[in-house]
Amino acid sequence: MLMPSIFGENLIDDFFDDFARPVARYTNSVNCMMKTDIKETADSYELDIDLPGYKKEDIKAELKDGYMTISAQTSSNKDEKDENGKYIRRERYYGNCSRSFYVGEEVTQEDIKAKFEDGILKVTVPKKEAKPQVEEKRFITIEG
């Protein structure tokens, strides 16, 4: 018989849930999950990535080996002192998150369009057909 645990319904479920989403359960950093909506159009994919609390300067997008990686990093420092200079409250937060999407090796940096507004990064990735590799025939010269 499984007993309810302090972590949720039961210890077994909580243990296996951690493999799927280890960050959100214990650090309560749901904002770092980079929730993404992907919409397919006739000629592109449109990604809406939620990044509330981040500024444009905090976000980087990189394309390497067919993978587009979006990363965001932020920090917050809320120091409050009384009139004698003693700390009443001191809170700091440093966080980063990243997510990668395979977009294909045919897509270049110039093809991808990105815009950040109201806490949402909007990325448009065009659809590109993989170019079939044409087998090049190589002949050996026979002298005679």
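**Core, strands and rings in a predicted model**

Colleague: Which residues have the most contacts inside the largest nonpolar core?
Modeller: That core (buried Ala, Val, Leu, Ile, Met, Phe, Trp, Tyr and Cys residues joined through side-chain atoms within 4.5 Å) has 18 residues. Buried means under 20% relative accessible area, exposed over 50%, partly exposed in between (1.4 Å probe, protein chains only). The residues with the most contacts inside the core are Ile 49, Leu 51, Met 68, Ile 70 and Val 125.

Colleague: Which strands each supply at least two residues of this core?
Modeller: Strands here are DSSP runs of E, at least two residues, and helices are runs of H or I, at least four, numbered from the N terminus. Those that each supply at least two core residues are β2, β3 (59–64), β4, β5 and β7.

Colleague: At what pLDDT do side-chain atom pairs count?
Modeller: Residues are numbered from 1 along each chain as its sequence is written, and side-chain values use heavy atoms, without hydrogens or water. The model is predicted: totals for chains, interfaces and linings use all residues, local features need pLDDT of at least 70, and side-chain atom pairs count only at pLDDT 80 or more.

Colleague: In what order do the elements run from the N terminus?
Modeller: The protein has two helices and seven strands. From the N terminus on, the order is α-α-β-β-β-β-β-β-β.

Colleague: What share of the contacts with a separation of 6 or more comes from residues 24 or more positions apart?
Modeller: The protein has 144 residues, and 23% of them count as buried. Take contact as heavy atoms within 4.5 Å. Among contacts with a separation of 6 or more, pairs 24 or more positions apart account for 45%.

Colleague: Ile 70 has many partners. Which residues are in contact with Ile 70, leaving aside neighbours within four places?
Modeller: Ile 70 is one of the residues with the most contacts inside the core. So is Ile 49, and Ile 49 is in contact with Ile 70. The full set for Ile 70 is Met 34, Ile 49, Ile 59, Lys 60, Ala 61, Cys 97, Ser 98, Arg 99, Phe 101 and Leu 121.

Colleague: Is Thr 74 buried or exposed?
Modeller: Thr 74 is in strand β4. Beyond four places in sequence, Thr 74 touches Gly 53, Tyr 54, Asp 58, Tyr 93, Tyr 94 and Gly 95. Its relative accessible area is 19%, so Thr 74 is buried.

Colleague: How many bridges join β2 to β7?
Modeller: Two strands pair if DSSP finds at least two bridges between them. Strand β2 covers residues 44–50 and strand β7 residues 120–126. Within this pairing, Glu 46 stands opposite Thr 124. The two strands run antiparallel, and the bridges joining them number seven.

Colleague: On β1, which residue of β2 stands opposite Asp 37?
Modeller: Strand β1 (residues 36–40) pairs with β2 in the antiparallel sense over five bridges. A hairpin of three residues joins β1 to β2. Opposite Asp 37 stands Asp 48.

Colleague: And in β7, which residue is the bridge partner of Lys 115?
Modeller: Strand β6 (residues 113–117) pairs with β7 over five bridges, again antiparallel. The two form a hairpin with two residues between them. The partner of Lys 115 is Lys 122.

Colleague: What is the phi of Asp 118?
Modeller: Asp 118 is in the loop between β6 and β7. At 76% relative accessibility, Asp 118 counts as exposed. Most residues other than glycine have a negative phi. For Asp 118, not a glycine, phi is positive at about 55 degrees.

Colleague: Asp 65 also has a positive phi. What is the relative accessibility of Asp 65?
Modeller: Asp 65 is in the loop between β3 and β4. Its phi is about 55 degrees, although it is not a glycine. Asp 65 counts as exposed because its relative accessibility is 59%.

Colleague: How are the rings of Tyr 67 and Tyr 102 arranged?
Modeller: A search of the whole structure finds one aromatic pair. Their centres are 5.0 Å apart and their planes at 65 degrees, so the rings of Tyr 67 and Tyr 102 are edge-to-face. Pairs need Phe, Tyr or Trp (six-membered) ring centres within 6.5 Å; planes under 30 degrees apart are stacked, the rest tilted, and those over 60 edge-to-face.

Colleague: How far apart in sequence are the parts that this pair ties together?
Modeller: Tyr 67 counts as partly exposed at 43%, and Tyr 102 is exposed at 52%. Tyr 67 lies in strand β4 (residues 67–81) and Tyr 102 in strand β5, so the parts tied together are apart by 35 residues.

Colleague: What separates the C-alpha atoms of Glu 91 and Asn 77?
Modeller: Glu 91 lies in strand β5 (residues 87–102) and counts as partly exposed at 39% relative accessibility. Beyond four places in sequence, Glu 91 touches Ser 76, Asn 77 and Lys 78. Glu 91 and Asn 77 are 14 residues apart along the chain, and their C-alpha separation is 6.0 Å.
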